[in-house]
Amino acid sequence: MTRAPKGIDSDPSGPAHHRLPRLRLVVVALVGYGLTLTVASDTVYLLAIPGVLCLIVVVFVSVRSFLRRPFHVPTGFEELDQRRVVRRHRAVLLQRYAMLLAGAAALCVMPFWADVAVLYPLVGVGVGIVKLSLCSFVPQLAFLKRCSRVLSVYEPEFRAPVRLVMGRGNGELCVRVGEGEHSTPTMVARSTVDYHELPAGLADGGWFAGDTALGGVLLVPGTGEILCLFPQDVRARANECGRAGPERRAKAQRAGLDDLHRS
């Protein structure tokens with residue numbers, strides 16, 4: 001594998017087209033926070049309910065966007081080492097989660113340190129960040145564990161090209177890997193992050209580990225990004241499993257290919 005560029009590109013898609021949604025999110029957060037302060041009123045205290053709902057939505061969207069934004073893992077090695085790719089991918093996720101916990105802790109401590117009444121809703125925001133972070137972080141670690149299981153059974157092979165068929169929404173893509181007899185059927189590509197287009201460098205090919213018809217894992221050259229692949233056509237996959245020999249089925253079971261669609 002070609003040596004990867006050093007450093008982490010935390011937002012390769014570029015910040016320009018995200019400014020407006022972020023501005024709207026800030027406005028909603030400020031409005032929601034202001035409404036929560038009405039809980040101290042004797043007349044309009046019910047406005048605190050939509051305020052709390054606004055804050056919940058803002059925290060959910062912000063935490064999910066932060067934990068699932070694309071990144072490049074600085075691999076920095078000449079030859080493919082799938083275990084190192086998984087470790088460094090996990091390290092980036094842990095770093096993000098630690099940053100969220102630090103921010104949540106600051107929000108919880110600040111009102112008591114400053115002893116200012118209008119800041120006390122920040123405690124609820126901090127607690128919400130922790131809970132929602134766990135809801136995203138735990139599945140991300142489970143995803144990496146499934147990918148690591150596949151990589152422990154199948155040896156990665158370079159396949160080119162990787163063609164984008166379409167986007168499915170929710171950060172998923174439909175792709176086809178390889179050509180000729182090594183070509184896969186249309187596969188759903190899923191990762192710990194959300195993709196709306198192919199990761200940089202993947203169009204020229206990637207390292208595929210798995211069964212061409214049953215699914216597997218795709219490693220992006222140079223960046224170390226990990227995508228799990230499973231067939232879009234579930235019926236065709238079931239038929240292929242029925243035609244597979246016992247050795248092939250046993251290997252797929254050891255790799256946990258059936259579990260990839262639940263990542």
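1. A word on terms before we start: two strands pair if DSSP finds at least two bridges between them, and helices (H or I, at least four residues) and strands (E, at least two) are DSSP runs numbered from the N terminus. With that in hand, Leu219 of β6 has Ile226 in β7 as its bridge partner.

2. Please keep in mind that this is a predicted model, in which local features need pLDDT of at least 70 and side-chain atom pairs count only at pLDDT 80 or more, while totals for chains, interfaces and linings use all residues. Residues are numbered from 1 along each chain as its sequence is written, and side-chain values use heavy atoms, with hydrogens and water left out.

3. On confidence (pLDDT, the predictor's score for each residue, from 0 to 100), the protein chain averages 85, and 88% of the residues score at least 70. Residues 1-17 fall below 50, yet this stretch has 40 contacts in the model beyond near neighbours in sequence (contact: heavy atoms within 4.5 Å). Where pLDDT is low, the predicted coordinates should not be read in detail.

4. Back to the strands. β6 (residues 215-219) runs antiparallel to β5 (residues 206-211), with five bridges, and antiparallel to β7 (residues 226-231), with four. Trp207 stands opposite Leu219. Three residues make the hairpin connection from β5 to β6; the hairpin of β6 and β7 has six between the strands, and there Gly222 takes a positive phi near 85 degrees. Five of the five residues of β6 are buried (under 20% relative accessible area; exposed is over 50%, partly exposed in between; 1.4 Å probe, protein chains only).

5. Arg68 deserves a look. This residue sits in the loop between α2 (48-67) and α3 (82-114), and counts as buried because its relative accessibility is 15%. Its side chain forms a salt bridge with Asp194 (2.8 Å, N to O), joining distant parts of the chain, 126 residues apart, with Asp194 in the loop between β4 (187-190) and β5. The term means a side-chain nitrogen of Lys or Arg within 4 Å of a carboxyl oxygen of Asp or Glu. Asp194 is buried too. Leaving aside neighbours within four places in sequence, the contacts of Arg68 include Arg96, Gln140 and Val193.

6. Glu172 is worth your time as well: its side chain meets Arg168 (2.9 Å, N to O) and Arg190 (2.6 Å, N to O) in salt bridges. Arg190 belongs to β4 and Glu172 to β3 (residues 172-177), 18 residues apart. Glu172 counts as buried because its relative accessibility is 9%, whereas Arg168, at 42%, is partly exposed.

7. Finally, the salt-bridge count comes to nine, and a network of these links Asp211, Glu240, Arg243 and Arg248.
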